[in-house]
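Thanks for coming. I will go through one structure this morning, starting with the ligand and then moving out to the chain. Please have a look at it first.

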Amino acid sequence: TTLGVWDALEAVACPILSVHVSEAGRLGVARFSAHEQKVPALGYVVPYHTLQKTLYEKMASHKNVFVKSIQSVDAIDLNTNTITINQTQKIQTDLIIAADGTQSTCRRLLAIPVIEKNPKDIAEIHTLTLSEPHTHTAYERFTEYGVLAVLPLLEKNKMQLVWTMTERIAEKIKTWDEEHRLQFLQQTFEGRLAIQTMKKISEFPLKTLIAKQQTLSSFVLLGNAAHTIYPVAAQGFNLGLRDVSLLQQYFLDLPLYEKKVSTHQKKIYNITSELLGLFELPLVGCARGAGLLNVDLIKPIKNKLAKRLMGMAP
Ligand SMILES: Cc1cc2nc3c(=O)[nH]c(=O)nc-3n(C[C@H](O)[C@H](O)[C@H](O)COP(=O)(O)OP(=O)(O)OC[C@H]3O[C@@H](n4cnc5c(N)ncnc54)[C@H](O)[C@@H]3O)c2cc1C
């Protein structure tokens, strides 16, 4: 709503009315509901290309925004605040913001070091067809074969599966055929989802990549270029939006911006790593004490966590 794009997105957005997080073989469950949190929805699932197109069109529609296509970013000179693009064109400006993704060329040109973890994990995306309509519930299930996040889609009998797995798990299930995979899913969600078919859409390499600095002189790294995190808590894009919102407030004082943005990011990293602690079941699972899945029992913590994941906590 703040960005002025909701009107264009609402028609394609599928509301998530409840979220159910659980772990195979353990009793702990965390349940969140829009009703309990007194919000119309905990979140929305929107097609990524529609989101990108809508944001782009909105931004390009501003009279004072000049859009220039870039084939390459070739050099950045911090002494003169000049960036060289398309080999020969130079742009001089008071503030340069780079949001060029995980493999950020700008970050490399500025020689900003990164902390990188788990470079060989992957996420597979599948579309699931159900024999009954979904109930706008999103599921996240931690199993010995990876993390299964199932999201409701606009078409009532379709859901999207994001199957996150380590290299070790990917190797283990390499021999599973479609039938075996479907059976595994059906068993995992038995009694909750009537899954009829699954169809693989795409696959992404996953990593955690955190830039050690997000500002340098008059330069700012933003979004995945500054922080690429695992999708288990569905917070990557949200973090980028938070960067934008804070930058809008503190762009005249970049060290203060970095301080503010890092404080918020650390809270999200903590939630993501706690969830990732469930990843290598049963190795870690047994050793874990009171964790996220016990959150259902502690209402104030649960409410705070729900607000943070909805992007509504400071
Ligand atoms: C499987 C999966 C599921 C996810 N689910 C969620 C979720 O549910 N919720 C959530 O909040 N986040 C989620 N995320 C994370 C989210 O997708 C990212 O955080 C988000 O896309 C980051 O946006 P970005 O604009 O910073 O980077 P990107 O989306 O990577 O965009 C960077 C852009 O920069 C362009 N670019 C790069 N180099 C150059 C160059 N030299 N010149 C010009 N352009 C350049 C690229 O073409 C690209 O368009 C998920 C991620 C994955 C992999």
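Which atom of the ligand does a backbone N or O atom of Ala234 lie 3.2 Å from? The partner is a nitrogen atom of the ligand. That pair is a polar contact, meaning N or O atoms within 3.5 Å; within protein, one atom must be able to donate a hydrogen and the other to accept it, and residues adjacent in sequence count only if both atoms are side-chain atoms.

Before I go on, two notes on the source. This is a predicted model, where local features need pLDDT of at least 70 and side-chain atom pairs count only at pLDDT 80 or more, while totals for chains, interfaces and linings use all residues. Residues are numbered from 1 along each chain as its sequence is written, and side-chain values use heavy atoms, with hydrogens and water left out.

Back to the ligand. Two further backbone N or O atoms pair with oxygen atoms of the ligand: one of Asn224 at 2.7 Å, and one of Phe237 at 2.9 Å. On its own the ligand has 1000 Å² of accessible area, and the protein covers 62% of that. Accessible areas here come from the Shrake-Rupley method with a 1.4 Å probe, and for residues only the protein chains shown count as cover.

The shell holds 18 residues, with Tyr48, Asn224, Gly236, Phe237 and Asn238 the closest; a residue belongs if one of its heavy atoms lies within 4 Å of the ligand. By class, 10 are nonpolar, seven polar and one charged. Nonpolar means Ala, Val, Leu, Ile, Met, Phe, Trp, Tyr, Cys and Pro; charged means Asp, Glu, Lys and Arg; the others, Gly among them, are polar. Helix α7, residues 236-250, gives the largest share, three residues.

Where does the ligand lie relative to the domains? Domain 1 (12-25 + 117-207) and domain 2 (48-115 + 210-290) both contribute to the shell, so the ligand lies between them. Those bounds come from an automatic or database domain assignment.

Now the chain as a whole. It has nine helices and 16 strands, which are DSSP runs numbered from the N terminus: H or I of at least four residues for helices, E of at least two for strands. Of its 314 residues, 44% are buried, that is, under 20% relative accessible area, with exposed over 50% and partly exposed in between (1.4 Å probe, protein chains only).

Last, Val5, in the segment before α1 (6-9). Val5 counts as buried because its relative accessibility is 8%.
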